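Biologist: Please take a close look at a single helix in this model. I would like to know how one part sits against the rest.

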Amino acid sequence: MRRSPLALAALATAAVPGFQTRAVRSGAGSDDFDVATVTALDGSQWEVRAPLSATAGMALEAESALLDALGRHHDSGDLPFTVPVIAGSAPLPEGGRAVVVKPLTGTAIDVDGLAPGPGLAADLGRAIAS
């Protein structure tokens, strides 16, 4: 069952205590997830994702566990980069849960366009190594 951006915004308010939505728009959904970008009253942007199948729900649970572990390593100073933070989750009537994530800012890296040597390629190598 597909969810509208408004339904996803409602899930965000249920998932994060005190969260108040100012605006919502469709996100880059897929065959596996409904996605919306929600703007909070303070202007911050959040992403809400709800799985469309049990398989997508299991993938979301695995991703959530990974982000939680990476977040702990970031907080302890072990990682030199930021990771997305899951702000909360809300149960779905059919099972599973929707998650609210503070997305990262920046631009995607064109890995094919990286030149070897110092700079971005070296930084990326250090990040992967950590």
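Modeller: What follows is a walk along helix α2, with a short look at strand β2 after it. The model is predicted, and the values below are computed from it.

Helix α2 takes in residues 54-75, which makes 22 residues. At 1.5 Å a residue the helix should span 32 Å, and its end C-alpha atoms are 31 Å apart, so the expected and the computed length agree.

Which residues of α2 are buried? They are A56, G57, L60, S64, L67 and G71. These residues cover an arc of only 95° around the axis, so they lie on the same side of α2. The face turned away from that buried side carries exposed residues, namely A54, T55, M58 and R72.

Next comes the cover over the buried side. Strands β2 (33-40), β3 (45-51), β4 (85-91) and β5 (97-102) are among the elements that cover the buried residues of α2. Just after the helix, G77 takes a positive phi of about 90°.

One of these covering strands, β2, contains A40. The relative accessible area of A40 is 7%, and under 20% counts as buried, so A40 is buried. Leaving aside neighbours within four places in sequence, A40 is in contact with F19, Q20, R22 and W46. A40 and A9 are 31 residues apart along the chain, and their C-alpha atoms are separated by 9.8 Å.

Key:
Residues are numbered from 1 along each chain as its sequence is written. This is a predicted model: local features need pLDDT of at least 70, side-chain atom pairs count only at pLDDT 80 or more; totals for chains, interfaces and linings use all residues. Side-chain values use heavy atoms; hydrogens and water are left out. Helices (H or I, at least four residues) and strands (E, at least two) are DSSP runs, numbered from the N terminus. The expected span of a helix is 1.5 Å times one less than its number of residues. Buried means under 20% relative accessible area, exposed over 50%, partly exposed in between (1.4 Å probe, protein chains only). The arc is that of the directions from the helix axis to the C-beta atoms. Contact means heavy atoms within 4.5 Å.
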